[in-house]
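Visitor: I would like to take a close look at one small part of this protein chain. Please guide me from that part to its surroundings.

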Amino acid sequence: MGKVMAVCTSVQKGTQKVNVHEALFVRDWGIKGDAHAGKWHRQVSLLSLEKIEAFRARGAQVEFGAFGENLVVSGYDFRNLPVGTVFECNDVVLRMTQIGKECHNGCEIYKVMGDCIMPREGVFCEVLHGGTIREGDTFVKKEEPR
C-alpha cells in the first residue's frame, strides 16, 4: 500500500508541473486541466517518492512536479511492476500502460545534474474510472496482469 505525497499539474507541455494538492481525474482523459491529458496511453504519470528522495540525496534541489510527474507516491518501485498493473485511489482506477520514456533533449534537471530519473523511473497510466485524488490519500495496487 502506498500514500499520495503530491498531485501535480501543468497548463503547458514542456514545463515543470506544480503541486496543486488535489485534482479531478477524468475517465479516458487524465487530470482535468493538465496539459498532458487526452485520449492516449500516457494520461497520468507516476513517480516514486523514494526515487525522488534518492535523487535529492545526490544534491539535486527538486520540488514535486519537477520531473513532469502527476502523482508522487510513497511505497512503490513503479518501474519494477509490470505494464497492466491496476491501482486504486478513492474512486480513481488507473492502469499502467508504459514504463519510462525518452527524455526531452537537455531538460533543466539534466543540465544541472547530468541525469534525470523520469525516463527510467517514471511510469504512465490511463484512467479507467474517474474521481478525486488528494495528498495523503491511500494508493493501492489492486492487480497485476496475468
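Is Gly131 buried or exposed, and what is its relative accessible area?

Guide: Please note at the outset that the model is predicted. Gly131 has a relative accessible area of 14%. Because buried means under 20% relative accessible area, Gly131 counts as buried.

The position of this residue in the fold comes next. Gly131 belongs to strand 10, which covers residues 131–134. The side chains of this strand alternate: Gly131 and Ile133 are buried and point to one face, whereas Thr132 and Arg134 point to the other face and are not buried. This agrees with a general rule: in a regular strand the side chains alternate between the two faces of the sheet.

The contacts of Gly131 can now be listed. With neighbours within four places in sequence left aside, Gly131 is in contact with Ala23, Leu24, Phe25 and Val92. There is also a C-alpha distance to consider: 7.3 Å separates the C-alpha atoms of Gly131 and Asn90, although the two residues are 41 residues apart along the chain.

The sheet around strand 10 is the next step. It is an open sheet of three strands in the order 4-3-10, and its pairing is antiparallel. Strand 4 (30–31) and strand 10 are at the edges with a single partner strand each, so one side of each has no neighbour in the sheet. In general, strands of a sheet pair through backbone hydrogen bonds, either parallel or antiparallel. Four bridges join strand 3 and strand 10 in the antiparallel sense, and Ala23 has Ile133 in strand 10 as its bridge partner. Strand 3, which spans residues 22–26, also pairs with strand 4 in the antiparallel sense, over two bridges. Here Phe25 stands opposite Ile31 of strand 4.

Phe25 leads from the sheet to the nonpolar interior. The largest nonpolar core has 22 residues, and those touching the most other members are Phe25, Leu46, Leu71, Phe78, Leu94 and Phe139. Two or more residues of this core come from each of strand 1 (2–9), strand 3, strand 5 (44–48), strand 6 (71–74), strand 7 (86–89), strand 8 (92–99) and strand 9 (123–129). Leu94 illustrates how such a residue is surrounded. Beyond its neighbours within four places in sequence, Leu94 has contacts that include Phe25, Val44, Leu46, Leu71, Val127 and Phe139. Another core, of 13 residues, lies apart from the largest one, and Leu47, Phe55, Ala60 and Phe124 are among its members.

Strand 5 also holds Ser45. Ser45 has a relative accessibility of 3% and therefore counts as buried. Again leaving aside neighbours within four places in sequence, Ser45 is in contact with Gly68, Glu69, Asn70, Leu71, Met118, Val123 and Phe124.

Phe55 directs attention to helix 1. In this helix, residues 49–57, the buried residues are Leu49, Ile52 and Phe55. Viewed down the helix axis, these buried residues fall within an arc of 125 degrees, so they line one face of helix 1. The general background is that an α-helix has 3.6 residues a turn, so residues three or four places apart point the same way. Gly59, just after helix 1, has a positive phi of about 105 degrees.

The aromatic rings complete the picture. Seven aromatic pairs occur in the structure. The ring centres of Phe55 and Phe67 are 5.4 Å apart and the planes stand at 75 degrees, so this pair is edge-to-face. Phe55 is in helix 1 and Phe67 is in the loop between helix 1 and strand 6, so the pair ties together parts 12 residues apart in sequence. Phe55 is buried, with a relative accessible area of 1%, and Phe67 is buried as well, with 7%. The rings of Phe78 and Phe139 have centres 6.3 Å apart and planes at 90 degrees, so they too are edge-to-face. Phe78 lies in the loop between strand 6 and strand 7, and Phe139 lies in strand 11 (residues 138–143), so this pair ties together parts 61 residues apart in sequence. Both Phe78 and Phe139 are buried, and they form one aromatic cluster with Tyr76 and Phe87.

Technical notes: Residues are numbered from 1 along each chain as its sequence is written. This is a predicted model: local features need pLDDT of at least 70, side-chain atom pairs count only at pLDDT 80 or more; totals for chains, interfaces and linings use all residues. Side-chain values use heavy atoms; hydrogens and water are left out. Two strands pair if DSSP finds at least two bridges between them. A nonpolar core is a set of buried Ala, Val, Leu, Ile, Met, Phe, Trp, Tyr and Cys residues joined through side-chain atoms within 4.5 Å. Buried means under 20% relative accessible area, exposed over 50%, partly exposed in between (1.4 Å probe, protein chains only). Contact means heavy atoms within 4.5 Å. The arc is that of the directions from the helix axis to the C-beta atoms. Rings of Phe, Tyr and Trp (its six-membered ring) pair if their centres lie within 6.5 Å; planes under 30 degrees apart count as stacked, over 60 as edge-to-face and the rest as tilted.
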